[in-house]
Amino acid sequence: MGLSNSLLATFLFLCLELYVINGQPLVPAMFIFGDSVVDAGNNNYIYTIVKANFRPYGRDFVHHKPTGRFCNGKLAADFTAENIGFTSYPPAYLSEEAKGKNLLIGANFASGASGYYETTAKLYHAIPLSQQLEHFKDYQRKLEGIAGKTNASSIISGGLCLVSSGSSDFIQNYYINPLLYKVYTPDQFSDILIESFSAFVQKLYGLGVRKIGVSTLPPLGCLPATITVFGSDSNECVDKINGDAVSFNNKLNATSQSLVNKLSGLNLVVLDIYQPLYDLVTKPSEN
């Protein structure tokens with residue numbers, strides 16, 4: 001998890017060509033949506049079995065204690081915040097830290113086990129993207145009260161929005177749910193997810209967001225859980241599941257380009273985490 005998070009941050013840093021100028025962050029705030037890859041602790045405050053509030057989570061983070069991050073240390077969003085000049089991280093929106101001036105640098109709305117597919121989050125009592133969006137609207141109201149309407153609008157439009165989702169939809173739902181895999185092919189299911197992604201981006205745009213970085217799916221077939229369940233007693237990546245991820249990523253790229261062409265002023269960057277992670281897994285000696 002830590003490796004994939006650092007790679008995501010690195011690719012975001014490179015792809016968006018972000019540079020810190022005169023000690024000031026390049027963007028005024030960060031807004032994070034999605035699943036466990038970027039959840040900074042929101043699941044600590046809801047009734048769900050999907051939590052990271054125990055060791056070894058957090059052992060390499062500040063104070064060496066679990067914070068609700070699904071990682072031994074920093075998340076992709078944490079590395080990204082540092083890379084673009086922030087000295088602290090956008091707080092988990094449901095935490096006690098998410099109040100007052102702390103909200104000026106943004107907030108983290110992500111929830112482990114959520115996905116583009118609404119039911120995925122409901123299966124695990126996580127926070128679906130639709131509810132994350134409602135939290136964002138609530139955040140905007142609070143921000144206006146703190147900074148004023150004009151300044152709040154500038155923070156939203158100038159802020160960087162990170163979206164990481166989709167893995168739970170496949171691994172924790174589709175592949176193990178006969179109500180899905182007996183009804184939809186992986187290609188059909190990915191179409192459903194892409195429609196949700198497109199709708200989500202358009203809703204963010206309607207709320208004033210203009211800078212968005214969205215990560216691709218990683219090589220799902222190389223995840224330890226996937227190999228254990230679907231690897232047929234092999235220790236190799238499951239090619240079919242990786243193929244599903246590649247197919248989804250191709251659709252994500254095409255849809256993102258379509259959204260950029262459609263929505264004036266939208267800066268939407270797709271962050272490829274699939275290939276570097278696949279290379280690390282399959283060619284370790286070269287990395």
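The points below concern the cysteines and the sheet of this predicted model.

1. The structure holds one disulfide. Its partners are Cys222 and Cys237, with an S to S distance of 2.1 Å. The link is right-handed, with 115° about the S-S bond.

2. As to placement, Cys222 lies in the loop between strand S4 (211-215) and helix H9 (224-230), and Cys237 lies in the loop between H9 and helix H10 (239-262), so the disulfide ties together parts that are 15 residues apart in sequence. Both Cys222 and Cys237 are buried.

3. Cys71 takes part in no disulfide. For Cys71, the nearest cysteine sulfur belongs to Cys222 and is 19 Å away. Cys71 is buried, at a relative accessible area of 2%.

4. Cys161 is likewise buried. The relative accessible area of Cys161 is 0%.

5. Five strands form an open sheet in the order S2-S1-S3-S4-S5, and their pairing is parallel. Strand S2 (106-108) and strand S5 (267-271) are the edge strands, since each pairs on one side only. From one strand to the next, the twist averages 20°.

6. S4 and S5 run parallel and are joined by five bridges. Within this pair, Val214 has Val270 of S5 as its bridge partner. Helix H10 packs on the sheet and touches both S4 and S5. The direction of H10 makes about 170° with that of S5.

7. The disulfide and the sheet may be read together: Cys222 is in the loop that follows S4 and leads to H9, while Cys237 is in the loop between H9 and H10; H10 is the helix that touches S4 and S5.

Technical notes: Residues numbered from 1 in each chain as written. Predicted model: local features only at pLDDT ≥ 70, side-chain atom pairs only at ≥ 80, totals over all residues. Heavy atoms only, no water. Disulfide = S-S within 2.5 Å. Helix = DSSP H or I, 4+ residues; strand = E, 2+ residues; numbered from the N terminus. Buried < 20%, exposed > 50% of the residue type's maximum accessible area, 1.4 Å probe, protein only. Pairing = 2+ DSSP bridges. Axes fitted to C-alpha atoms, helices over the stretch in contact; angles between N-to-C directions. Contact = heavy atoms within 4.5 Å.
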